[in-house]
Amino acid sequence: MNEVPVKRSNYRPLTGKKALQKTMGRYYALTNYHRYWGKIFRRPLAWVTSGAPVELLRAFNIHSAYPEQYAAIYSARNATVDLCEVAEAAGYSQDLCSYARSNIGGVLRPDLAPLGGMPKPDLLVACNNICGTVLKWYEVLARHFKVPLLVLDTPFLPHEFTAQAKAYVLEQLISMSNDLEEITGRPFDEKKLAAEMKRSREITSLWIETRQYCQNSPSPLNAPDLFINMAPIVVLRGSKAGIEYYRKLRDEVKQRAALAQGAIEDERIRLVWDNIAIWPQLFSFYKMFSEKGACFVTDTYSGGWAVEHAPGTPMESLATTYTEIFLNRSPKYRVNQLIKLIKDYKANGFVMHSNRSCKPYSLVQEVIRKEVIRETGVPGLMIEADMADPRAYAEEPVRNRVQAYLETFL
């Protein structure tokens with residue numbers, strides 16, 4: 001995600017861009033050259049979903065790679081259509097998640113994938129707290145690579161997190177730990193897991209603090225800044241490199257807030273974004289807003305990683321934290337989440353991305369939109385697109401809807 005070239009006419013670019021490129025560049029280099037160093041240091045490579053309990057894997061000295069992260073890069077580098085067409089030609093429906101299709105396309109034709117695609121995994125780890133698609137997606141990968149697949153099933157939470165749900169997930173984590181002992185040949189070390197959790201908590205706290213500075217007016221960050229700078233918290237949770245990066249980012253954003261330096265010039269409209277970024281049109285889309293003085297001061301997407309770890313033993317904390325992911329919660333929970341963001345960040349409106357690929361995120365958005373408008377009185381716009389596949393984006397209708405929406409603030 002950090003690989004996208006920054007072309008922002010009235011943006012104030014972050015000086016920490018080079019630090020981000022260095023941090024993520026090192027991560028991708030380690031991942032792509034894993035076949036050389038992984039065996040030497042006995043570090044298996046796992047492909048994992050973004051909502052998987054990576055701290056447990058790190059405790060077993062496993063290096064994690066994220067197909068969703070690579071899919072975002074494929075999209076930013078305009079490779080998604082070619083890769084999706086490879087998957088579609090192999091029989092995968094165009095209605096399937098574009099992250100899954102481009103990943104499968106990259107597996108079948110790595111020569112078409114940026115960075116040469118992803119290196120072969122030693123195991124796969126999927127958690128269905130973000131969606132159910134990952135289960136079948138990772139089953140396909142497991143059959144193709146002939147490697148173990150570990151699945152963490154988190155029950156959907158229509159209300160509050162129950163003791164029964166916690167016990168159910170905790171039992172699975174213990175079972176997963178046993179499987180990882182067998183796969184790696186290493187014993188489970190609770191102290192090492194606790195150390196990973198401690199670093200993960202620090203990264204999360206730094207990301208929370210950084211985002212909270214956007215409550216200032218003008219906001220020191222806009223949506224593209226949030227989306228690009230969330231990359232390390234996705235792939236480097238529990239790492240010293242992640243902590244070091246977010247300390248630098250926090251300090252720069254804090255200074256901006258103190259100096260009243262906005263991410264865009266002449267901020268006059270404050271908005272909240274809901275859903276995954278539209279990666280192929282990341283800067284061109286938000287430019288339509290920033291040109292009119294509209295800044296996306298916060299969002300639900302990158303906020304998914306701005307959640308403090310739950311208390312308890314390391315395993316109990318993992319069970320609770322990863323089950324309570326907001327996409328695993330009821331529409332009412334998400335209504336309250338969006339209302340709170342609008343109030344806390346003093347937003348004038350919100351924009352929802354009806355994302356063709358991400359059904360769990362998108363299917364209930366219209367219900368949420370109407371309820372949030374009723375409760376807050378601020379206008380909410382719905383945009384139809386796709387997080388990675390540019391074929392689902394219609395430039396002219398989107399531009400017309402955005403312009404009409406922004407005119408309501410005049």
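Me: What makes strand 1 (residues 45-48) and strand 3 (residues 123-127) a pair?
Reply: Two strands pair if DSSP finds at least two bridges between them. Strand 1 and strand 3 have 3 bridges, in the parallel sense, so they meet that definition. Strands here are DSSP runs of E with at least two residues, helices runs of H or I with at least four, both numbered from the N terminus. Alanine 46 stands opposite leucine 123 in strand 3. The model is predicted: local features need pLDDT of at least 70, side-chain atom pairs count only at pLDDT 80 or more, and totals for chains, interfaces and linings use all residues. Residues are numbered from 1 along each chain as its sequence is written, and side-chain values use heavy atoms, without hydrogens and water.

Me: Why are strand 2 (63-65) and strand 4 (149-152) called edges?
Reply: The open sheet has 4 strands in the order 2-1-3-4, with parallel pairing. Strand 2 and strand 4 each have a single partner strand, so one side of each lacks a neighbour in the sheet.

Me: How do you know that the span of helix 8 (residues 163-184) is close to the expected one?
Reply: The expected span is 1.5 Å times one less than the number of residues. For the 22 residues of helix 8 that gives 32 Å, and the first C-alpha to the last reaches 31 Å.

Me: What puts the buried residues of helix 8 on the same side?
Reply: Buried means under 20% relative accessible area, exposed over 50%, partly exposed in between (1.4 Å probe, protein chains only). Among the buried residues are Ala165, Val169 and Leu173. The buried residues cover an arc of only 165° around the axis, which puts them on the same side of helix 8; the arc is taken from the directions from the helix axis to the C-beta atoms. On the other side, Ala163, Gln164, Glu171 and Glu182 are exposed.
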